[in-house]
Amino acid sequence: MNTIAERIYDYLKAFPPFNLLTRNQLLAVSERVDVIYLEKDKYLFEIDKPVKDHFYVVRDGAVGLFRENNSLVDECDEGDIFGLRALLRTGLYKLNAKAIEESIVYSISSELLENYITTNKDASQFLMASFASNTRAKQSDDDDFIESLNRSSEYTCLQTADYSKNPITCSIHTSVKEAAQIMTEKHVGSIIIVNDNKPIGIITDKDLRTKIATGKNTIEDKVSVIMSSPVITYPETITVAEAQIAMLKNKITHLCITKDGTDTSALTGILSEHDIIVLRENNASSLIKEIKRSYWPDQLKDIRERTETLLTKYLEQDIPIDFISKLVSAINDAITQRIIEFALTEMASKPPTKFTWLAIGSQGRQEQLLMTDQDNALVFADVEPSKYENTKSYFLKLADHINHSLEIVGFELCPAQMMANNPKWCNSVTEWSQQFKSWIATPDQDNLMLCTIFFDYEHVYGDLSIVNQLSEQIFESIASHDIFLNYLGRNALQNPPPLSFFRQFLVEDDGEHKDQFDIKSRAMMPLVDAARLLILSHNIKSTNNTLERYEKLAELEPQNKDTYIFCLESYKNLLRFRTQRGLANDDSGRFIDLESLNKSDRLRLKRSFKAVKSVQELIKTRFKLSQLL
């Protein structure tokens, strides 16, 4: 191998997907790479010119991809791949590639791609995932292709559920006795009530125990009296992952399978929790059951620690991070719900009025994968002034039980006291509404900080109507203070893309984590803040998860879909990366020693950072904040 090929080999082996090739594969590629020198402002390819039979890797310098109006779509620097989409699509180029500064580029032919890269499973999967996530440059006629790649890269590892194709059914006129006899004869634990072969209800063994054996109803009653209705339906393509989430979310053990996934189409099968267990080790469901059977916090501590083992397993299996986060959040919520039930039994009396427990911050966004500190709040229904002090005292005592039990489980007490046992965060609906109104009306730095934490709340336990009432009043306050979103926009721009002028990572200047990179505040929170701001600007009340917010934004703003999908994929990468680091180092994964990162890790992070710049540019334009950066 000649000297130039050796240099190419030594460079490429540090970057994905080339670091995934075998030594012989990479040597074969390196020996046939073309080296291109570009002066500043020199074009590598131009719009409407035939696509060349090559894709490119930046060796030194930077190459910009520009639209016809000369607007910058992407800036590719050392190690970045570009031109792959055009190569796979063929036809004419849809972007200009121009050197932003003096640059050296490696040109790799489609023959090398087919013979050495796509034949390597790991390298091919990385390219497809990278290609699917980097959607900012794509044009409308690529949408279907990119969407199919997105679905493929996310769900190939998730098995389609093998449901029962012969569901046992009866009509709505059947008696409970007759239904029970059918279930016994067929040796099944459930029967679906249908009308014209469309599911309208379901009866399980549990219904027979709780509603008939207890004497609440009689076996002569019609099945309509005790059936659960409406049923939860899914299409025949349901995956094991989707089934797990649906059962956990709805606290049920059976799903009806229909032709198109709705209850207005023909019933084709039934999927039970037992089916899921048979199909795959279903540790998550087992943990949920153990949580429900537990009697003290120490048991829950053991379950939560085992959840981290499950988390590690899912990461190793490359299960999509959005599914993992929902599953872990379901477990965290179940633990919290059980702890609240413990605490209520320890109180001298029943709650004096309705209340709800809210998770806030990362848990409120369903993104608390590791056992970091707890953030929560309590809201109780308004009471007469004469009863207020005793009511608040009751709920503060209840919250104290809950917070300290969560500490036993492993969720540390919040250093900033953002917990429900703090009198500031245990209030009536009216007090909470006034609190939010005050933050919105006076958006100074402290109030904006509180907004970024408390606006991401999720109902965990208690009366849901209280949450809905609070949400309505919050959005009324936002609507009456238009300037608030501008201030929230200014706040969202406080953390610019985390690379210095010379493309080096920005690290902490001093303190305990000096010279370490803060992936939470410098990379993840800017994307979280942007998603929150933009979803609030659309008056969307029920979407708190960052990934779901970007999905919704892509739907609401098709003109900005590319940017939002890029942010979504980048946030997935950052969430997975932080979780993996936290598990490996037995900490929160927040602070990273850059010396521990290889070039591949650095490149993956730098690609995600570009999303921060993209969405912040959009915010600057949307809220007229160009003077800030």
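**View 1. Helix α8 and the positively charged patch to which K206 belongs.** In this predicted model, helix α8 spans residues 205-212 and contains K206. With a relative accessibility of 52%, K206 counts as exposed, because the cut-off for that class is over 50%. Together with R209, K251 and K292, K206 forms a positive patch on the surface.

**View 2. The salt bridge between D207 and K211 in helix α8.** The side chains of D207 and K211 meet in a salt bridge, with an N to O distance of 3.3 Å. These two residues are four positions apart in helix α8, so about one helical turn separates D207 from K211. Both D207 and K211 are buried, whereas K206, which is also found in helix α8, counts as exposed at 52% relative accessibility.

**View 3. The edge-to-face pair of Y11 and Y106.** The structure holds 22 aromatic pairs, and one of them is formed by Y11 and Y106, whose ring centres are 6.0 Å apart and whose planes stand at 80 degrees, so that the pair is classed as edge-to-face. Because Y11 lies in helix α1 (residues 3-12) and Y106 in strand β8 (residues 103-109), the contact ties together parts of the chain that are 95 residues apart in sequence. Y11 is buried, with a relative accessible area of 9%, and Y106 is likewise buried, with a value of 5%.

**View 4. The stacked pair of F45 and Y93.** The rings of F45 and Y93 form a stacked aromatic pair, with 3.9 Å from centre to centre and 10 degrees between the planes. This pair links distant parts of the chain, since F45 belongs to strand β2 (residues 43-45) and Y93 to the loop between α3 (84-89) and β7 (96-99), with the two positions 48 residues apart in sequence. Both F45 and Y93 are buried.

**View 5. An aromatic cluster that includes W425 and F484.** One aromatic cluster is formed by W425, W432, F436, W439, F454, F455, Y457 and F484.

**View 6. The salt bridge between K514 and D515.** K514 forms a salt bridge with D515, and the closest N and O atoms of this pair are 3.5 Å apart. K514 counts as partly exposed at 47% relative accessibility, and D515 is also partly exposed, with a relative accessible area of 46%.

**View 7. The salt bridge between R622 and E557, and a network of shared partners.** Among the 26 salt bridges that the structure holds is the one in which the side chains of R622 and E557 meet, at 2.6 Å from N to O. R622 lies in helix α24 (residues 599-622), while E557 is placed in the loop between α22 (546-556) and α23 (561-585), so this pair ties together parts that are 65 residues apart in sequence. The two partners fall into separate accessibility classes, as R622 counts as partly exposed at 31% and E557 counts as buried at 3%. Elsewhere, R365, E367, D456, D529, R532 and R549 are joined into one network by salt bridges that share partners.

Notes. Residues numbered from 1 in each chain as written. Predicted model: local features only at pLDDT ≥ 70, side-chain atom pairs only at ≥ 80, totals over all residues. Heavy atoms only, no water. Patch = residues over 30% accessible without salt bridge, like charges linked within 9 Å, V, L, I, M, F, W, Y side chains within 5 Å. Areas by Shrake-Rupley, 256 points an atom, 1.4 Å probe, with all protein chains shown as cover. Salt bridge = Lys/Arg side-chain N within 4 Å of Asp/Glu carboxyl O. Lys, Arg positive; Asp, Glu negative; His and termini not counted. Charge placed at Lys NZ, Arg CZ, Asp CG, Glu CD. Buried < 20%, exposed > 50% of the residue type's maximum accessible area, 1.4 Å probe, protein only. Phe/Tyr/Trp six-rings, centres within 6.5 Å; stacked < 30°, edge-to-face > 60°.
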